[in-house]
Amino acid sequence: MATFTLPDSEPKVPVYLPSTLAEEQLLSFPPFNTWITTLRHSLSTQQDSSHTFNPAPYKLRRIDVQSVDFFGGKRLGFVKLKADISNDNGEKLPGSVFLRGGSVAMMLILQPDDVPENTETEKHVILTVQPRIPTGSLALAELPAGMLDDSGTFTGSAAKEIAEETGLDIPASDLIDMTKLAIPAASSANDERLQQAVYPSPGGSDEFIPIFLWQKRVPRDQLKEWQGKLTGLREHGEKITLMLCPLDHVWKHGGRDAKVLAAWTLYHGLQREGRI
């Protein structure tokens, strides 16, 4: 097992690595850098006399990297670590962390173009149906998830399936970041600097997901065609497919997916405040 000292750490923080991971690989892994930067800042806010932990502040004392997964044999994908965080009284904070970084989710809403504008009439949401082995499911309905490329375009397997099945193009200029609208950014040095995103499993993972909204009015005949085609049923061997779900029912059909429930809540909350 290799060991190195975390750069710029005070007190000095030893980092213990498995034989499959090098120091430079961990230090160049974006999720690790985002996590450690965020954690360090949060720990620094304890210096404020009004902070709950100010009388006995917690410190990061050690990091043990327990396992890693590589994508394609070379690119670091997931890191499981344990952070030892305690105060001088010997009190500890839970520190098991699964690092995987962020992604994005899309709430894609379609509406017939012959209904009045600025109404909720006959709105439908596109869901993906695909295997999600960590849940034990081979057919989980969820909000499409992926990444934004350098130009801000939605990419990934869900985006590819949407393009193939509907021909819809989702330009960056039409996206509304609902999480950014709803969650205020840090405004002072004593504020924690978390991502303006949803954390679906904050008790164990750093994963954060900004949720974007995209709405489009389409010809009724086109929407009707998609309703008949996008049922969530898959052909033999097909791994991912689409489902067109009425907006009013999406919280039920996609209710096992935290992204769906977060998007539903953000959409209606922002609507009530007149922000979308």
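This is a walk through the pockets, strand pairings and backbone exceptions of a predicted model.

Let's begin with the open space. The largest pocket holds about 1400 Å³. Its lining counts 45 residues, and those nearest its centre are Arg 100, Ser 103, Arg 132, Glu 207 and Ile 209. Several elements give two or more residues to this lining: the helices α2 (30-44), α3 (157-166) and α7 (258-272), together with the strands β4 (75-86), β8 (124-132), β9 (137-142) and β10 (145-148). Sorted by class, the lining of the largest pocket comprises 22 nonpolar, 15 polar and 8 charged residues.

The second largest pocket offers about 770 Å³ of space. Here 28 residues form the lining, with Trp 35, Leu 39, Ser 42, Leu 194 and Pro 202 nearest the centre. Which element supplies the largest share of this lining? That is α2, with 7 residues. At least two residues each come from α2, β4 and β6 (96-99). The class count for the second largest pocket is 15 nonpolar, 11 polar and 2 charged residues.

Strand β4 also leads us to the strand pairings. It runs antiparallel to β3, and 11 bridges join the two. If you would like a landmark in this pairing, look for Asp 64, which stands opposite Lys 82 in β4. Between the strands of the β3 and β4 hairpin there are 3 residues, and Gly 72 of this hairpin takes a positive phi near 65 degrees. Strand β3 (residues 59-71) has a parallel pairing as well, made over 2 bridges with β2 (residues 14-17). In that pairing, Val 15 faces Ile 63 in β3.

Now for the backbone. Most peptide bonds are trans, and most residues other than glycine have a negative phi. Against that background, the bond from Glu 10 to Pro 11 is worth finding: it is cis, with omega near 0 degrees. Pro 11 sits in the loop between β1 (2-5) and β2.

Another loop, the one between β7 (104-112) and β8, contains Asn 118. Although Asn 118 is not a glycine, its phi is positive, at about 60 degrees. Is Asn 118 buried or exposed? Asn 118 counts as exposed because its relative accessibility is 81%, and the cut-off for exposed is over 50%. Glu 122 also lies in the loop between β7 and β8, and this non-glycine residue has a positive phi near 55 degrees. With a relative accessible area of 36%, Glu 122 is partly exposed.

Key
Residues are numbered from 1 along each chain as its sequence is written. This is a predicted model: local features need pLDDT of at least 70, side-chain atom pairs count only at pLDDT 80 or more; totals for chains, interfaces and linings use all residues. Side-chain values use heavy atoms; hydrogens and water are left out. On a 1 Å grid over the protein atoms alone, a cavity is a set of points where a 1.4 Å probe fits but cannot get out, and a pocket is an open set with protein on both sides within 12 Å along at least five of seven lines; lining residues have an atom within 4 Å of a point. Grid points are joined across faces, edges and corners, and a volume is the space filled by probe spheres set on the points. Helices (H or I, at least four residues) and strands (E, at least two) are DSSP runs, numbered from the N terminus. Ala, Val, Leu, Ile, Met, Phe, Trp, Tyr, Cys and Pro count as nonpolar, Asp, Glu, Lys and Arg as charged, and the others, Gly among them, as polar. Two strands pair if DSSP finds at least two bridges between them. Buried means under 20% relative accessible area, exposed over 50%, partly exposed in between (1.4 Å probe, protein chains only).
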